[in-house]
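I opened my notebook next to the viewer today and wanted to follow one stretch of a sheet by eye. Here is the model I had on screen.

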Amino acid sequence: MKKIAVVTATRAEYGILTPLIKRINDDSELELELIVTGTHLSKKHGYTKKFIEEDGFPISYEIPILEEGNSPYDISITMANAIKGFAQCFKKERPDMIVILGDRTEMLGIASAAMNERIPIAHLHGGEVTEGAVDDCVRHALSKMSYLHFTSTQTYRKRVIQLGENPDRVFFVGALSTENILKQPLKSKNEIKADVGIDENMPYSVVTFHPVTLENDSVREQTYELCKAIERVNKYFYLITMANSDAGGDEVNKIFEEFAKSKKNVKLVSSLGMIRYLSAVKYAQFVLGNSSSGIIEAPVLGTPTVNIGDRQSGRLMADTIINCNSDTDDIVSAITMAENKSHTPTLMYGDGNTSQEIIAIIKDYLLNDRIDLKKKFYDLGE
């Protein structure tokens with residue numbers, strides 16, 4: 001029996017990881033060690049640990065790491081807390097492998113603790129590029145600390161290899177979010193509207209806007225520009241999900257909170273959970289903001305995306321995505337374009353069997369003793 005630790009620190013991350021967590025939990029040769037941390041344990045962020053408990057997965061450890069604020073200093077302390085908390089966890093009980101996803105800063109601390117304990121790391125969604133966010137260098141750093149790599153496209157697989165990772169350990173498996181969309185039963189349009197409180201006769205948009213962490217002092221101005229665009233295109237109901245705990249996230253949420261108080265067609269929610277979120281996106285006229293969900297999940301559902309600013313610059317883009325600047329006029333123009341886009345699903349992130357492929361590869365490496373942490377840098381030919 002091999003013990004696989006899966007770490008989740010945010011609502012969105014957990015939703016993506018759900019099919020993989022379930023498959024590990026159901027496998028007779030694997031033991032799930034689910035470690036819950038980050039915003040899951042924060043009241044301010046909706047205490048989303050409750051969604052994990054509702055799903056019935058056994059939580060092995062809860063490791064609080066989050067500082068109260070989200071200034072650059074607070075984020076650095078959160079990373080330090082992650083190193084300390086996870087080092088204590090791994091010292092007490094060492095898993096055979098740890099699975100981490102994406103590009104969040106706290107994952108650097110978690111991966112550092114695993115690396116020091118010589119625990120092999122399996123990393124999901126490496127090789128992607130987000131030029132407007134610090135996530136970009138965090139993601140590549142995590143790739144270099146990891147042993148197995150599971151990428152969402154062939155292009156991203158090539159980028160991980162370009163970082164010096166051996167092609168034999170880099171696998172194109174697609175995105176778990178595609179699997180969620182294709183295999184999870186979602187709510188009907190009337191059900192999701194009633195659930196979140198949208199007028200049944202009113203079209204709506206799902207809005208998720210995060211700080212652009214590599215731009216100085218732009219978060220307030222950009223959020224206000226988005227609010228002005230929403231005011232101008234007021235024929236829709238706007239369901240806004242709170243920003244994450246990146247630097248500037250609190251400021252974004254405060255602006256949206258005040259804005260929502262004065263608008264009958266705007267609602268701010270801390271978290272929807274995976275099923276409600278995907279259901280809401282499926283029937284939305286368009287999604288609006290700068291979240292990766294507009295780049296990865298929305299195209300699978302066929303929902304047009306208005307992608308604001310540079311936060312997601314560098315990612316592969318489906319035809320349903322309209323990129324625009326962060327000023328009001330440009331956002332309004334992009335919304336008009338989105339209104340005329342057909343809702344055509346795009347399957348560029350795999351066929352929906354991602355978790356099955358990941359588990360087969362992990363088991364091959366663990367059960368057949370194929371792991372050698374003395375990695376050699378893989379040089380590309382001239």
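My entries below go from the sheet to one crossover within it.

**Entry 1, the sheet.** I kept in mind that this is a predicted model. I looked up the strand order first and found an open sheet of 7 strands, arranged 3-2-1-4-5-6-7 and paired in parallel. Which strands stand at the edges? They are strand 3 (59-63) and strand 7 (170-172); each has a single partner strand, so one side of each lacks a neighbour in the sheet. I also checked the twist: on average, neighbouring strands here are turned by 20 degrees against each other, direction ignored.

**Entry 2, strands 4 and 5.** Next I went to strand 4 (residues 97-101) and strand 5 (residues 121-124), which run parallel and are joined by 4 bridges. I noted two partners across this pair: Ile98 is bridged to Ile121, and Ile100 to His123. How does the chain get from strand 4 to strand 5? It passes through helix 4, and this β-α-β crossover is right-handed.

**Entry 3, the helix in the crossover.** I wanted a quick check on the length of helix 4 (residues 105-116). Its 12 residues at 1.5 Å each should span 16 Å, and I read 18 Å between the end C-alpha atoms, which agrees. Is the helix mostly covered or mostly open? Mostly covered, as I noted, with 10 of its 12 residues buried. Among the buried ones are Met107, Leu108, Ile110 and also Glu106. After helix 4 comes Arg118, and I marked its positive phi, near 60 degrees.

**Entry 4, the two faces of strand 5.** I reminded myself that side chains in a regular strand alternate between the two faces of the sheet. Strand 5 shows me this: Ile121 and His123 point one way, while Ala122 and Leu124 point the other way. Are these four buried or exposed? I found all of them buried.

**Entry 5, on to strand 6.** Strand 5 also runs parallel to strand 6, with 3 bridges between the two. His123 turns up again here, with His149 as its bridge partner in strand 6.

**Entry 6, a helix across the sheet.** Last, I looked at helix 14 (residues 354-367), which lies across several strands, including strand 1 (2-8), strand 2 (30-37) and strand 6 (148-151). I noted that helix 14 runs at about 170 degrees to strand 6.

Notes
Residues are numbered from 1 along each chain as its sequence is written. This is a predicted model: local features need pLDDT of at least 70, side-chain atom pairs count only at pLDDT 80 or more; totals for chains, interfaces and linings use all residues. Side-chain values use heavy atoms; hydrogens and water are left out. Two strands pair if DSSP finds at least two bridges between them. Axes are lines fitted to C-alpha atoms, for helices over the stretch in contact, and angles run from 0 to 180 degrees between N-to-C directions. Contact means heavy atoms within 4.5 Å. The expected span of a helix is 1.5 Å times one less than its number of residues. Buried means under 20% relative accessible area, exposed over 50%, partly exposed in between (1.4 Å probe, protein chains only). A crossover is right-handed if, with the strands pointing away from the viewer, the path from the first strand over the helix to the second runs clockwise.
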